[in-house]
Structure formats: structure tokens, C-alpha cells
Amino acid sequence: MVRIRQRQDRHFMDDEGRMFWINGPEEFCYLSEQRQWRTGLSFQQVLEWKQCAPSGLVSQRFGSILAACEAFEHNQVIWSHDLYLRRMGDQMQLHRSATDYRPTAMKNAEAAGRRVQPQPWLGTAQTAPSCEWPSPTTLGQDLPHPRRRRRSGLKAPAH
């Protein structure tokens, strides 16, 4: 028996990390398996950044959202393939898997002046300032200071 681990509205993730959506009207809904193409994102990040798309695997219809969730947890779902939904999911993945992808709602919020959010799959690796330390082979040598100017044209002392 597989349990629903996390759920938000009509989206849920099971114990095995697979994501599902509950589609259709509440009184005539069905489950749709979602595939994810980025690893390391939280459930919330996957939803916020729309990093999943239909796999084409769909269930029978249920009379309520609660009935769909209970059938899932009691292994009473009959799965079938929907090729149209699969092709739609392929197109969504192609569009949303771009490195610089941003959901439309996020683009609109940023255009209205909200803070720009970095894509979580890019990480937080920012180049830190670095110092160039001399190697052990150059330690005894006279290293020029990077801002020191040489007065090679000066022949007599200045005083």
C-alpha cells in the first residue's frame, strides 16, 4: 500500500516520490501521474516552478477528490494510457526544462516590481572573491605588488 506523503490542493506526492494530480471537476475527477525532470527540488518547488508534466498515465473517474485519494492509498486505481496527454506533457517538459525557465505568473509578478527569484536548479553557487596566494615555488622570490608602478625610466634618486 502506497501512502500519500505530501498534498497541496489537487497535487500530491507518494512515499516513492512520484507526483500525481487530481484533474477534472470535483464530482467526476481522475488521477494523472506527473513526471519530474529535475532532481533535488522540494515538493513545493516542483509546484511553484511547474517542473512536472503529465506522463500520460491516467486513472478511472471518481465521485470525489477524497474517493480518488482513498482509492490511490488502497491500491484500487485502474491505470490506462492517454497518448494525447502524453504528447502534451512532452511539449510542457520541452518548454519548462530550459535553464532560464520562469512561470508566467512569476514573470508578471517580477514585472510588477516583486523580487526576482533565482531558479532553484541553478543552485546558490556564486563566485566568491578570491585571493591569489603565491605557490610554494615562488615564495622566496620578489613578487610584484599588483598596484605598484615601476619607475624604470628614473636614473637618479628623486631626493
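Start with the hairpin that β2 and β3 form, which has four residues between the two strands. Select Gly 17 in its turn: this residue has a positive phi of about 85°. The model on screen is a predicted one.

Next, select residues 11-14, strand β2, together with β3. The two strands run antiparallel and are joined by three bridges. To look at a single pairing, pick His 11; its bridge partner in β3 is Trp 21.

Now keep β3 alone, residues 19-23. Is this strand mostly covered or mostly uncovered? Mostly covered: of its five residues, four are buried.

Add residues 30-36, which make up strand β4. β3 and β4 are antiparallel as well, with five bridges between them. Pick Phe 20 and look across to β4, where Glu 33 stands opposite. Then move to the stretch linking these strands: the hairpin of β3 and β4 has six residues between the strands. Gly 24 in this hairpin takes a positive phi, near 90°.

Last, show the cysteines. How many disulfides does the structure hold? Zero. Select Cys 69 and Cys 29 and display their sulfur atoms. The closest cysteine sulfur to that of Cys 69 is the one in Cys 29, at 8.1 Å, so the pair is too far apart for a bond; a disulfide would need the sulfur atoms within 2.5 Å. Cys 69 is also buried, with a relative accessible area of 7%. Finish at Cys 52, which is buried too, its relative accessible area being 1%.

Methods. Residues numbered from 1 in each chain as written. Predicted model: local features only at pLDDT ≥ 70, side-chain atom pairs only at ≥ 80, totals over all residues. Heavy atoms only, no water. Buried < 20%, exposed > 50% of the residue type's maximum accessible area, 1.4 Å probe, protein only. Pairing = 2+ DSSP bridges.
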